[in-house]
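Student: I would like a close look at one part of this protein, the place where its domains meet. Could you take me through that part slowly, and then set it in the context of the whole chain?

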Amino acid sequence: MAKKDLFEKGFDESTKIKLLLFRKYIESWIPTFIHSSPFEKILIYDFFAGEGQDVYGEKGSPLIIMDCLKQYCEDIRNKNKKIFITLNDYDKKKAEKLLALTQAFKEKCGACNHCSLEVKNDAFQNLFSAEYQVIKQATPTFLLIDQYGVSQVTESVFRQLVDAPRTDFLFFISSATIRRFKDNEGINKKIKVSQIQFEESKPYECHEKVYNYYKTLINGDYYLGRFSIKKVTNYYGLIFGSHHPLGLEKFLSASWSIDVNNGEANHEIDETKQYEGSFMNLFDEVSGISTFKTKLESYEEHLLDYFSVPRTNQEIYKFSLESGISIPKTVDILRKLEKERRICVEGGDKRKSGAFYLSHNSDKIIKVAKNENNKN
Ligand SMILES: C[S@@+](CC[C@H](N)C(=O)[O-])C[C@H]1O[C@@H](n2cnc3c(N)ncnc32)[C@H](O)[C@@H]1O
């Protein structure tokens with residue numbers, strides 16, 4: 001008997017987390033372009049769209065995109081935007097089911113001429129190559145690449161994604177497969193993962209290692225994010241990319257709303273806490289005080305070191321994104337440090353109390369430095 005696929009079995013918890021993160025991101029991406037972008041056109045591609053929903057009616061990525069667009073129907077018309085949605089699956093039956101499911105949306109939105117939706121039935125490689133000239137134009141574009149496994153976002157596809165100037169992307173990858181088969185010739189023809197050093201790392205860190213590999217392929221001002229997803233004993237994950245810091249800001253905001261402690265996973269990122277039995281390794285044996293630092297506690301220390309030199313709000317904004325910390329979390333820490341007089345804030349004559357102006361387009365400049373007189 002043929003094995004049931006994820007649509008027939010019903011989405012599991014790890015798929016639901018992936019979809020929740022996608023929903024949160026796309027819900028914040030769409031209004032940005034509708035309300036504040038000078039561009040008339042917006043393109044959305046879901047290259048591995050599936051059939052639209054699982055057997056229990058749980059919405060998959062294509063229906064999530066439509067849900068989000070429906071919320072902004074009036075604004076899309078008022079602002080005279082044109083949204084082009086391409087949904088694709090190489091499985092003919094799935095593409096047909098998707099077409100049936102999207103018909104109502106197509107008819108309603110086709111009628112007002114602002115959203116156009118197409119369902120395609122092609123292999124990713126073909127469709128991506130055929131559409132690349134369009135994707136590469138300076139039109140705001142979002143790509144979802146929800147592949148099975150690891151093989152579709154090859155090094156060359158990744159470079160093409162990064163070369164597209166106004167494209168944000170989110171792709172899924174089985175990081176555990178890369179860890180297990182990193183020296184496999186077939187995989188290495190597509191992505192040169194044999195160079196990743198997994199030996200010293202724990203399995204739960206494998207998505208971070210894969211993300212670091214993709215980071216080596218970019219240069220200049222480009223923003224990458226990650227989110228690790230554990231399914232039973234295996235680790236998968238999402239990789240996000242954007243040319244614009246606001247893209248990563250929104251991705252991090254979505255990630256931190258799901259993982260409120262670390263903003264990066266649906267599992268513990270330091271499982272030593274759980275698995276190393278004795279808690280003595282986490283406590284100073286003499287004082288009995290915990291020596292374990294949470295991610296945010298370590299980040300607070302890094303921030304203080306960073307402020308050994310005065311830093312502008314724009315620099316702090318980028319530092320926060322590059323550290324994988326959402327902007328509200330950084331602001332919380334800055335407020336705490338200011339209250340404890342561990343930092344000094346200069347230059348903001350008309351600065352509002354507690355404001356740090358961390359945004360990609362702030363017109364205020366302030367500087368933050370470590371308070372060297374406070375030795376605590
Ligand atoms: C993980 S599922 C997608 C789930 C979907 N994004 C959702 O949220 O409901 C992957 C889908 O990609 C399709 N697929 C696999 N390889 C493909 C390829 N090379 N090109 C296009 N579609 C492919 C499969 O038929 C399957 O429906």
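Tutor: The domain bounds used here come from an automatic or database domain assignment. On that basis the chain is divided into domain 1, residues 6-258, and domain 2, residues 293-370, and the model in which we examine them is a predicted one. The centres of domain 1 and domain 2, taken over C-alpha atoms, are separated by 31 Å, and the contact between them draws 10 residues from domain 1 and 11 residues from domain 2.

Turning to the area involved, domain 1 and domain 2 bury about 970 Å² between them, with 69% of it on carbon and sulfur atoms. On the domain 1 side, E249, L252 and W256 supply 55% of the area buried against domain 2, which is more than any other three residues supply.

As for polar interactions, three residue pairs are counted in polar contact between domain 1 and domain 2, both residues of each pair being at pLDDT 80 or more. Helix 11, residues 245-258, contributes seven residues to the side of domain 1 that touches domain 2, the largest share of that side. Sorted by class, that side of domain 1 has six nonpolar, two polar and two charged residues. One salt bridge is found across the interface of domain 1 and domain 2. In the salt bridge of K318 and D221, the side chains meet at 3.8 Å, N to O.

For the wider context, a search of the whole structure finds 23 salt bridges. Among them is the one in which the side chains of K231 and D12 meet at 3.1 Å, N to O. Because K231 lies in strand 6 (residues 223-231) and D12 in the loop between helix 1 (6-9) and helix 2, this pair ties together parts that are 219 residues apart in sequence.

The same kind of search, again over the whole structure, finds 23 aromatic pairs. One of these is formed by Y25 and F142, a tilted pair with 5.7 Å centre to centre and 35 degrees between the planes. Since Y25 lies in helix 2 (residues 13-36) and F142 in strand 4 (residues 141-145), the pair ties together parts that are 117 residues apart in sequence.

Conventions:
Residues are numbered from 1 along each chain as its sequence is written. This is a predicted model: local features need pLDDT of at least 70, side-chain atom pairs count only at pLDDT 80 or more; totals for chains, interfaces and linings use all residues. Side-chain values use heavy atoms; hydrogens and water are left out. Contact means heavy atoms within 4.5 Å. Buried area is the accessible area (1.4 Å probe) that two parts lose on being put together, summed over both. A salt bridge is a side-chain nitrogen of Lys or Arg within 4 Å of a carboxyl oxygen of Asp or Glu. A polar contact is a pair of N or O atoms within 3.5 Å; within protein, one must be able to donate a hydrogen and the other to accept it, and residues adjacent in sequence count only if both atoms are side-chain atoms. Helices (H or I, at least four residues) and strands (E, at least two) are DSSP runs, numbered from the N terminus. Ala, Val, Leu, Ile, Met, Phe, Trp, Tyr, Cys and Pro count as nonpolar, Asp, Glu, Lys and Arg as charged, and the others, Gly among them, as polar. Rings of Phe, Tyr and Trp (its six-membered ring) pair if their centres lie within 6.5 Å; planes under 30 degrees apart count as stacked, over 60 as edge-to-face and the rest as tilted.
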